[in-house]
Amino acid sequence: MFVGMSSDKDLGNLQRTVARLGGEVVEDPVRCTHLVMDRIKVTHKLLTVLAREEPCVIVRKKWLEECGRQQFWVPSGVEKFAVKDGEKQAELSEVIGAPFSLDGWWERRPQE
């Protein structure tokens with residue numbers, strides 16, 4: 001699933017990469033395994049992924065571009081693929097009154 005792509009050309013190239021590698025692009029945030037974004041953009045998709053019970057990997061489009069170059073699914077948990085946007089993170093931290101970061105978000109979730 002994709003959020004906040006800067007151009008339709010980028011999106012089309014990334015979708016073709018997913019298909020070439022045998023993956024499937026879904027629009028339902030409940031079904032996705034990876035959320036690909038170029039910058040932090042608060043959308044229904046992102047909020048749904050963050051609220052899910054199952055983990056979903058959130059990565060920059062750079063990860064999918066690297067998968068295309070390598071011709072296989074490269075590990076997504078590498079720091080260089082983490083979504084970072086200092087300005088947006090600071091803005092969201094102020095709005096919610098707590099630090100906001102996508103780094104390791106799944107491990108920080110409250111356990112029931």
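Across the protein chain of this predicted model, pLDDT averages 84, and 89% of the residues reach at least 70. Confidence varies from element to element: helix H3 has the highest mean pLDDT, at 95, while helix H5 (residues 105-108) sits at the bottom of the ranking with a mean of 53. The chain is built from five helices and three strands, which follow one another from the N terminus in the order β-α-β-α-β-α-α-α. Of its 112 residues, 39% count as buried. As for how the chain folds back on itself, take the contacts between residues at least 6 apart in sequence: 54% of these join residues at least 24 apart.

Helix H3 is a good place to start looking around. Its buried residues are Lys 61, Trp 63, Leu 64, Glu 66, Cys 67 and Gly 68. The cover over these residues comes from several parts of the chain, including strand E1 (2-3), helix H1 (8-20), strand E2 (34-37) and strand E3 (57-59). Right after H3 ends, the backbone does something worth a glance: Gln 71 adopts a positive phi of about 70°.

H3 also has a hand in the aromatic story. There is one aromatic pair in the structure, made by Trp 63 and Trp 73, whose rings are stacked with 5.8 Å from centre to centre and 20° between the planes. Trp 63 belongs to helix H3 (residues 61-70), whereas Trp 73 lies in the loop between H3 and helix H4 (86-96), so the pair links parts of the chain ten residues apart. The two partners differ in their surroundings. Trp 63 counts as buried because its relative accessibility is 4%, under the 20% cut-off. Trp 73, on the other hand, has a relative accessibility of 38% and therefore counts as partly exposed.

What about the cysteines? Searching the whole structure turns up zero disulfides. Cys 32 is in none, and the nearest cysteine sulfur to its own, that of Cys 56, is 3.4 Å away. Seen from the other side, the closest cysteine sulfur to that of Cys 56 is in Cys 32, and the 3.4 Å between them is too far for a bond because a disulfide needs the sulfur atoms within 2.5 Å. Both residues are shielded: Cys 32 counts as buried because its relative accessibility is 2%, and Cys 56 counts as buried because its value is 4%.

Turning to open space, the second largest pocket holds about 240 Å³. Its lining is made up of 15 residues, and those nearest the centre are Met 1, Val 18, Glu 24, Thr 33 and His 34. Two elements, E2 and H3, each give two or more residues to that lining. H3 thus turns up here again, alongside a strand that also helps cover its buried residues.

One last stop is Leu 47, which is found in helix H2 (residues 44-51). Is this leucine buried or partly exposed? With a relative accessibility of 48%, Leu 47 counts as partly exposed. Its C-alpha atom is separated by 8.9 Å from that of Pro 29, although the two residues are 18 residues apart along the chain.

Methods: Residues are numbered from 1 along each chain as its sequence is written. This is a predicted model: local features need pLDDT of at least 70, side-chain atom pairs count only at pLDDT 80 or more; totals for chains, interfaces and linings use all residues. Side-chain values use heavy atoms; hydrogens and water are left out. Rings of Phe, Tyr and Trp (its six-membered ring) pair if their centres lie within 6.5 Å; planes under 30 degrees apart count as stacked, over 60 as edge-to-face and the rest as tilted. Helices (H or I, at least four residues) and strands (E, at least two) are DSSP runs, numbered from the N terminus. Buried means under 20% relative accessible area, exposed over 50%, partly exposed in between (1.4 Å probe, protein chains only). Contact means heavy atoms within 4.5 Å. pLDDT is the predictor's confidence in each residue, from 0 to 100. On a 1 Å grid over the protein atoms alone, a cavity is a set of points where a 1.4 Å probe fits but cannot get out, and a pocket is an open set with protein on both sides within 12 Å along at least five of seven lines; lining residues have an atom within 4 Å of a point. Grid points are joined across faces, edges and corners, and a volume is the space filled by probe spheres set on the points.
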